[in-house]
Amino acid sequence: MRAFSRAIDKFCQKHRGFGIPGLMKYIVFVSAAVFIANMLEGGGNLLGLLRFNPALIMQFQIWRVVTWIFIPLNSNIFFTLIMLYFYYFIGGSLEREWGTAKFTVYYIFGVLLNIIYGLVVWFILGRPAGIVPNFLNMSLLFAFAAEFPDFQIRLFFIIPFKIKWLAILNGVFFAYWIIVDLVNARYVMALLPIIALLNFFIVCGNDVMRPVKARARSSAQAINFKKASRKVQREDSRPYRHKCAVCGKTDTDNPGLEFRYCSRCNGYHCYCIDHINNHVHFK
């Protein structure tokens, strides 16, 4: 699984133009529109037209392949708005950290896993699997916590709460639904959280499965930009102060371009603002 994750990282590094910039923004916007339309309709047939149903897809209702992604999580407007904002925030943060290519791969791969599972269930049991976007969207929290474990949010807008503890609670929620579905013999539904977790480990396995020592070394490597640049200047007499390790741009050729040093790379490696969050880390 870790090897597959490395392959995804290499693909994303090689194809930086791949993906949909601001993907989570579009998903949240359409989901909000579906929620409002369903509320105005009074809970009629709209959601039924969007659900994933292989039998109806075979009858040329092709839109169902993707429209299930936008079905709202809850009928409560306050809860839905909070969750959509949360998805927008963590999705946008992950895209800035990973780059557009990897975030798009994460989401699309999760969608494809659900579609494949839905088709397999339909072919074997002859009924829809009831796939929903809830667990896929909630799995983003695991990825966010893996990247920013000490990031703090305000629970109820007051209590400071580290995101890693929220991810643990999210894991408890996943386990709860798996157990409830198994106890009630809803075996098809019990696999949906597992599919979301599988997507997380496949795409993020290279980071999640790093040895603890390597993680500690990476976390402790908080690089001061000025200190790093002075060290590079002492070791390098070339006519520029900063040079991007990916595209080769320098502060001499591009005086208005911002440069940063990556705290997750071993050693001092400088990147322009376009590549600080879109490069393969030096190990």
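The following paragraphs lead through a predicted model, from an enclosed helix to its cavities, a pocket, a surface patch and salt bridges.

Helix α8 offers a starting point. This helix covers residues 134–147, 14 residues in total, and spans 21 Å from its first C-alpha to its last, close to the 20 Å expected at 1.5 Å a residue. Of these 14 residues, 13 are buried, so α8 is largely enclosed by the rest of the structure.

Helix α8 also borders enclosed space. The model holds two cavities of 30 Å³ or more. The largest cavity contains about 110 Å³ of space. Its lining consists of 15 residues, and those closest to its centre are Ser31, Leu73, Leu84, Tyr87 and Asn137. Helices α2 (23–41), α6 and α8 each supply at least two residues of this lining.

Helices α6 and α8 appear again at the second largest pocket, where they, β1 (152–155), α9 (163–183) and α10 (187–208) each supply at least two lining residues. About 1,100 Å³ of space lies in this pocket. There are 34 lining residues, and Phe79, Ile82, Met83, Phe86 and Leu166 lie nearest the centre of the pocket. The helix that gives the most to this lining is α6, with ten residues.

On the surface, a nonpolar patch is formed by Met58, Ile108, Leu112, Ile116, Val120, Phe123, Ile124 and Leu125, which together have about 800 Å² of accessible area. One of these residues, Ile116, is found in helix α7, which runs over residues 100–125.

Charged side chains provide the last theme, with four salt bridges counted in the model. Asp150, Lys162 and Lys164 are linked in a network of such bridges. In one contact of this network, the side chains of Lys162 and Asp150 meet at 3.6 Å, N to O. This pair links distant parts of the chain, since Lys162 belongs to strand β2 (residues 159–162) and Asp150 to the loop between α8 and β1, twelve residues apart. Asp150 also meets the side chain of Lys164 in a salt bridge of 3.4 Å, N to O. Because Asp150 lies in the loop between α8 and β1 and Lys164 in helix α9, the pair ties together parts that are 14 residues apart in sequence. Asp150 is partly exposed at 47% relative accessibility, as is Lys162 at 30%, and Lys164 is partly exposed with a relative accessible area of 30%.

A further salt bridge joins Arg260 and Glu258, whose closest N and O atoms are 3.0 Å apart. Arg260 is partly exposed, with a relative accessible area of 36%, and Glu258 is partly exposed at 38%.

Terms used. Residues numbered from 1 in each chain as written. Predicted model: local features only at pLDDT ≥ 70, side-chain atom pairs only at ≥ 80, totals over all residues. Heavy atoms only, no water. Helix = DSSP H or I, 4+ residues; strand = E, 2+ residues; numbered from the N terminus. Expected span 1.5 Å × (residues − 1). Buried < 20%, exposed > 50% of the residue type's maximum accessible area, 1.4 Å probe, protein only. Patch = residues over 30% accessible without salt bridge, like charges linked within 9 Å, V, L, I, M, F, W, Y side chains within 5 Å. Areas by Shrake-Rupley, 256 points an atom, 1.4 Å probe, with all protein chains shown as cover. 1 Å grid on protein atoms, 1.4 Å probe; cavity = no way out; pocket = protein on both sides within 12 Å on 5 of 7 lines; lining within 4 Å. Points joined across faces, edges and corners; volume = space filled by probe spheres on them.
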